[in-house]
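Trainee: Could we go through this model together before I return to the bench?
Mentor: Certainly; please open the sequence and the structure.

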Amino acid sequence: MPVFRRIAVSAAAAITLIGLLPYSAAAREQPGDLGAAFRPALEDTVAAGSVAALAEVRDAGRTYRLAAGKAEYGRPRPAPAAGRFRIASVTKLFTATVVLQLASEGRLRLADPVGKWLPGIVDKADDITLEQLLRHTSGIPDYLPGLLDSSGVVRDPVRTWQDKELVALANRLPRVFEVPGTRFSYSNTNYVLLGMVVEAATGRPYAREVTERVIVRARLTRTSAPSDTTRITGPHPRSYAMVGGAVTDITTLNPTILGAAGGIVSTTTDLNRFLRALLGGRLLPPAELTLMKTPVPGTTYGMGLSTLQTPCGVFYGQAGGIGGYFAAAFHRQDGLREVSLAATPYTGKPDQALNALLQRTACA
């Protein structure tokens with residue numbers, strides 16, 4: 001089934017660097033290996049309307065890290081295979097991991113009402129549980145569409161947003177449904193609220209908690225937590241949108257517009273490493289990992305983690321897009337195939353191209 005159908009922004013809009021690793025010789029494409037099968041999939045994605053496409057595929061322990069396209073529109077420099085990018089809603093998987101860690105430690109309960117941790121922040125907070133935020137069954141509307149222009153581009157990309165301001169925008173909108181827990185409706189507001197809950201439960205900033213509990217623990221050396229920095233540090237492909245009929249650079253973006261819902265920057269290598277640690281049981285106890293994997297009835301979404309059915313098996317992961325970047329990371333249930341990819345689509349039919357890229361790298 002299409003993975004990118006829930007991306008909250010259009011193709012035109014498609015969000016503290018710890019250290020830099022050199023390009024790994026072991027990850028280079030070798031003549032005659034699977035890299036030869038993956039490269040055409042990336043090139044097709046570029047031809048369909050992306051400036052760059054990046055992927056790291058691990059097959060039975062062997063790594064293939066590839067890139068197609070250019071780092072900048074109209075410039076000759078090739079896209080960096082190890083480049084950094086905004087991972088958008090893949091961030092939700094990081095946030096869900098932190099919340100479930102806190103639950104396993106007894107510092108909060110998934111059955112807690114939101115109002116226990118955030119009194120007066122969201123309307124009817126005592127009727128909504130933390131589990132419903134995690135599963136997008138709260139009925140709270142998504143604030144993000146109201147911050148985009150008619151092209152799907154963020155109207156004020158450099159503005160610093162406070163979490164309370166974003167939630168206040170959602171409070172002005174009607175509930176998607178009135179009885180929490182009865183339906184599924186994807187909303188970035190849910191995960192902005194979860195970031196606030198993490199801060200209330202720990203007394204420390206969300207960025208510090210996700211860094212220490214996930215980024216450092218999983219040894220993600222080129223991943224940075226959400227901040228108010230509008231530029232991406234280190235080698236990276238730039239992102240674009242069609243604005244007024246012209247290809248426009250929209251790389252500059254203040255990640256506070258998504259925060260705990262989509263503000264992390266990473267690489268394909270780090271995303272694979274993160275999922276390997278998570279699904280391998282190094283970040284969550286078995287009970288919490290099982291909860292994360294269990295989807296809402298009638299959907300493929302669990303707690304920050306989506307299930308992808310492919311011709312070659314079941315994959316777990318997440319995908320999303322913001323600010324001209326699209327990202328996805330999925331690992332096969334048996335752990336033998338790992339796929340992380342990124343692209344910078346600006347025209348054409350990105351959903352089709354990106355789903356084809358994911359399917360082809362998953363099943364080649």
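Mentor: What follows is a short conversation about the overall build, the sheet and two loop residues.

Trainee: What kind of model is this?
Mentor: It is a predicted model, so every value we discuss is computed from it.

Trainee: How many helices and strands does the protein have?
Mentor: There are 10 helices and 10 strands.

Trainee: Why does the radius of gyration agree with a compact globule?
Mentor: For 364 residues, a compact globule would have a radius of gyration near 21 Å, and the protein has 19 Å, which agrees. The C-alpha trace spans about 60 × 45 × 40 Å along its principal axes.

Trainee: What share of the residues counts as buried?
Mentor: Of the 364 residues, 58% count as buried. The exposed area of the protein is about 13,700 Å², and carbon and sulfur atoms supply 53% of it.

Trainee: And the charges: how far apart are the mean positions of the positive and negative ones?
Mentor: The protein has 40 positive and 29 negative charges, and their mean positions are 4 Å apart.

Trainee: Turning to the sheet, in what order do the strands of the open sheet come?
Mentor: The order is S2-S1-S10-S9-S8-S7, with antiparallel pairing across the 6 strands. Strand S2 (62-69) and strand S7 (306-310) stand at the edges; each has a single partner strand, so one side of each lacks a neighbour in the sheet. On average, neighbouring strands are turned by 20 degrees against each other, direction ignored.

Trainee: Which strands does S1 pair with, and over how many bridges?
Mentor: Strand S1 (residues 50-59) is joined to S2 by 8 bridges, running antiparallel. S1 also pairs with strand S10 (residues 337-345) in the antiparallel sense, over 8 bridges.

Trainee: Which residues stand opposite each other there?
Mentor: On the S2 side, Ala52 stands opposite Gly69, and Arg58 stands opposite Thr63. On the S10 side, Glu56 stands opposite Ser340, while Ala55 stands opposite Leu341.

Trainee: What about Leu341 and S9?
Mentor: Ala328 stands opposite Leu341. Strand S9 (residues 325-332) pairs with S10 in the antiparallel sense over 6 bridges.

Trainee: Why is S10 described as largely enclosed?
Mentor: 9 of the 9 residues of S10 are buried, so the rest of the structure largely encloses S10. For S1, 9 of the 10 residues are buried, so S1 is largely enclosed as well.

Trainee: Which way do the residues of S10 point?
Mentor: Arg337, Val339, Leu341, Ala343 and Pro345 point one way, whereas Glu338, Ser340, Ala342 and Thr344 point the other way, and all are buried. Side chains in a regular strand alternate between the two faces of the sheet.

Trainee: Which residues take a positive phi in the hairpins?
Mentor: In the hairpin of S1 and S2, with 2 residues between the strands, Ala60 has a positive phi near 50 degrees. In the hairpin of S9 and S10, with 4 residues between the strands, Gly335 has a positive phi near 80 degrees.

Trainee: Changing topic, is Ser150 buried or exposed?
Mentor: Ser150 counts as exposed, because its relative accessibility is 83%. Ser150 lies in the loop between helix H4 (130-134) and helix H5 (163-171). Ser150 and Val243 are 93 residues apart in sequence and 9.6 Å apart in space, C-alpha to C-alpha.

Trainee: And Arg222, buried or exposed?
Mentor: Arg222 counts as buried, because its relative accessibility is 5%. Arg222 is in the loop between helix H7 (206-215) and strand S4 (240-243). From Arg222 to Thr267 the C-alpha to C-alpha distance is 6.7 Å, and the two are 45 residues apart in sequence.

Notes:
Residues numbered from 1 in each chain as written. Predicted model: local features only at pLDDT ≥ 70, side-chain atom pairs only at ≥ 80, totals over all residues. Heavy atoms only, no water. Rg over C-alpha atoms; globule rule 2.2 N^0.38 Å. Buried < 20%, exposed > 50% of the residue type's maximum accessible area, 1.4 Å probe, protein only. Areas by Shrake-Rupley, 256 points an atom, 1.4 Å probe, with all protein chains shown as cover. Lys, Arg positive; Asp, Glu negative; His and termini not counted. Charge placed at Lys NZ, Arg CZ, Asp CG, Glu CD. Pairing = 2+ DSSP bridges. Axes fitted to C-alpha atoms, helices over the stretch in contact; angles between N-to-C directions.
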